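Q: I am new to this structure and would like a close look at a single part of it. Please take one helix and its surroundings, and then follow the threads that lead away from there.

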Amino acid sequence: MEVNAISSTIGQTGPMEKPLFVTPSMSILLDAVRAGAALLVLGGHAVQLGIYTGPYPFNAHMQHNAVVVFFVLSGLVIAHSVQQRNYTLGEYAIARSARILPVSLFGLALGTSIFLALSWAGLLPGIQVHGARDLLVSSILLPALFLSESWSDAEPLLNPPYWSLTYEVWFYAIFAAAHFMKGSPRMIWVAIVALSAGMRILLLLPVWLMGVALVHYGTRWLPRGGQAALLAAVALASMVASDQITVLALYASYLLNVGLGFSADFSEYFLSDYLLGIGISLMFIAARPFADWAAGGLERARKPIEWLAGFSFSLYLLHWPILSAFSALGVKAGDSPLIFAGLVAGILGFCAFTAHFTEYRSRGIRAWLTRRFAATQTQTAVA
């Protein structure tokens with residue numbers, strides 16, 4: 001769910017003389033994709049929880065597909081950022097921590113607070129409760145440490161979308177071990193981190209790595225004109241086909257469960273997710289020359305796109321607790337698209353407001369952590 005990593009590096013040149021996959025215009029387009037995916041997740045979950053029962057153009061699987069889009073984007077953004085900056089492992093860890101922790105901790109606190117309030121008011125049985133159903137130390141501590149999807153089922157309270165953030169954090173860690181470690185320690189640390197992450201997370205790692213591959217190989221062939229249109233058609237066909245093989249994906253997950261006693265949980269669609277990830281990656285390649293062609297229009301639309309994308313992380317992680325509160329209190333749009341739009345606007349406003357105290361503070365937190373890290377290193381050297 002990155003936003004600022006691309007825009008802060010797009011004007012720099014990389015160590016190799018080759019075109020960057022993420023140009024200024026492509027950055028705006030990717031922000032638009034990110035914002036659109038976050039809205040799709042919000043809309044899909046509002047339908048799933050019965051907040052809105054009117055006409056809706058997407059099926060119940062669309063919000064999961066949007067998460068796959070996030071994974072490809074995440075791999076792309078992280079690989080681009082590392083490629084363009086001379087990061088050390090410490091700087092990389094600080095950047096990721098400053099970006100993730102303010103929003104993740106607030107999201108857990110919001111879900112827990114709403115859970116407690118609804119439980120105290122006796123309203124909890126009236127809503128769909130996904131994930132943890134009791135207030136336990138594990139339902140708070142393990143998600144806070146991003147261990148809820150590894151070797152346990154300790155999901156957070158009223159925040160099932162948190163699963164994908166847990167996956168991303170482990171993707172970051174595996175990438176760091178592979179990129180910053182050298183020689184035999186690299187293989188050892190990759191193995192240790194991968195084992196800690198667990199099989200569920202590893203099942204979707206290839207999807208995230210597709211984004212990484214776009215940074216390194218996406219500009220080896222840039223389609224033009226009819227080639228781009230043909231590639232976009234192939235990409236769209238792949239994405240449509242991914243929905244058609246979800247039954248096969250579920251069967252593969254079932255076989256894993258029967259044969260190994262392994263529950264894939266949120267990775268149960270891993271086979272169709274691979275095909276979807278390929279389609280998304282091809283679509284990004286097809287969109288790369290389009291972004292250059294539409295650079296003027298994208299630049300004119302940059303401010304509203306960046307505004308919405310700027311708090312998309314908060315929107316993704318906070319919307320489910322809010323929707324749960326709406327459901328418990330009987331705040332519903334019914335089949336009215338107008339009322340539904342009003343509720344969506346209210347959720348957007350809340351997330352944009354809270355982002356000023358969480359998501360938008362990441363740069364300041366990063367600077368503070370950098371100073372603290374430097375001071376610690378200085379004290380260690382003196383000692």
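A: What follows is a walk that starts at helix H2 and moves outward to its partners, to the salt bridges and to some loop residues.

The model is a predicted one, and the values below are to be read with that in mind. Helix H2 covers residues 24–48, and its axis comes within 9 Å of the axis of helix H14, which covers residues 312–329, with a crossing of roughly 5°. Since angles under 35 degrees count as roughly parallel, H2 and H14 are therefore described as roughly parallel to each other. On the side of H2, the contact is made by Arg34, Ala38, Leu39, Val41, Leu42, His45, Ala46 and Gln48, while H14 contributes Ser312, Leu315, Tyr316, His319, Trp320 and Leu323. Sorted by class, this contact of H2 with H14 has nine nonpolar residues, four polar ones and one charged one.

A second partner of H2 is helix H15, and here the axes come within 12 Å and cross at roughly 125°. At that angle H2 and H15 are therefore oblique to each other, and their crossing is right-handed. The residues that make this contact are Leu39, Leu42, Gly43 and Ala46 from H2, together with Phe340, Val344, Ile347 and Leu348 from H15. By class, the contact of H2 with H15 has seven nonpolar residues and one polar residue, and no charged residues. Leu39, Leu42 and Ala46 appear in the contact with H14, and these three residues also take part in the contact with H15.

Arg34, which belongs to the contact with H14, has a further role to describe within H2. Its side chain meets that of Asp31 in a salt bridge, with 2.4 Å from N to O. Because the two residues are three residues apart in helix H2, Arg34 and Asp31 are separated by about one helical turn. Both Arg34 and Asp31 are buried.

Another thread leads from H2 to Leu298, a residue of helix H12, which covers residues 295–300. Leaving aside residues up to four places away in sequence, Leu298 touches Ser25, Ile28, Leu29 and Ala291. With a relative accessibility of 10%, Leu298 counts as buried, because the cut-off for that class is under 20%. Its C-alpha lies 35 Å from the C-alpha of Gly50, and the two residues are 248 residues apart in sequence.

The salt bridge inside H2 can now be set beside others. The structure holds six salt bridges. In one of them the side chains of Glu359 and Arg99 meet, at 3.3 Å from N to O. This pair links distant parts of the chain, as Glu359 is in the loop between helix H15 (337–355) and helix H16 (362–382), whereas Arg99 is in helix H4 (residues 89–120), 260 residues apart. Glu359 is buried, with a relative accessible area of 2%, and Arg99 also counts as buried, at 6% relative accessibility.

A further salt bridge brings together the side chains of Glu149 and Arg200, at 3.9 Å from N to O. Glu149 lies in the loop between helix H5 (138–144) and helix H6 (162–180) and Arg200 lies in helix H8 (residues 199–217), so the pair ties together parts that are 51 residues apart in sequence. Both Glu149 and Arg200 are buried. Elsewhere, salt bridges that share partners join Glu299, Arg302 and Glu306 into one network.

The loop that holds Glu149 deserves a few more words. Ser148 is also placed in the loop between H5 and H6, and at 1% relative accessibility Ser148 counts as buried. Apart from residues up to four places away in sequence, Ser148 touches Leu142, Pro143, Asp153, Ala154, Glu155, Thr166 and Arg200. Arg200 is thus found both among the residues that Ser148 touches and in the salt bridge with Glu149.

Phe146 is found in that loop between H5 and H6 as well. Most residues other than glycine have a negative phi. Phi of Phe146, however, is near 60°, a positive value in a residue other than glycine, and Phe146 is buried, with a relative accessible area of 9%. Asp265 likewise has a positive phi, of about 55°, although it is not a glycine. Asp265 is in the loop between helix H10 (246–260) and helix H11 (270–293), and at 24% relative accessibility Asp265 counts as partly exposed.

Definitions and conventions: Residues are numbered from 1 along each chain as its sequence is written. This is a predicted model: local features need pLDDT of at least 70, side-chain atom pairs count only at pLDDT 80 or more; totals for chains, interfaces and linings use all residues. Side-chain values use heavy atoms; hydrogens and water are left out. Axes are lines fitted to C-alpha atoms, for helices over the stretch in contact, and angles run from 0 to 180 degrees between N-to-C directions. Helices (H or I, at least four residues) and strands (E, at least two) are DSSP runs, numbered from the N terminus. Angles under 35 degrees count as roughly parallel, over 145 as roughly antiparallel, 65 to 115 as roughly perpendicular and the rest as oblique. Contact means heavy atoms within 4.5 Å. Ala, Val, Leu, Ile, Met, Phe, Trp, Tyr, Cys and Pro count as nonpolar, Asp, Glu, Lys and Arg as charged, and the others, Gly among them, as polar. Buried means under 20% relative accessible area, exposed over 50%, partly exposed in between (1.4 Å probe, protein chains only). A salt bridge is a side-chain nitrogen of Lys or Arg within 4 Å of a carboxyl oxygen of Asp or Glu. A crossing is left-handed if the near helix is turned anticlockwise from the far one by less than a right angle, and right-handed if clockwise.
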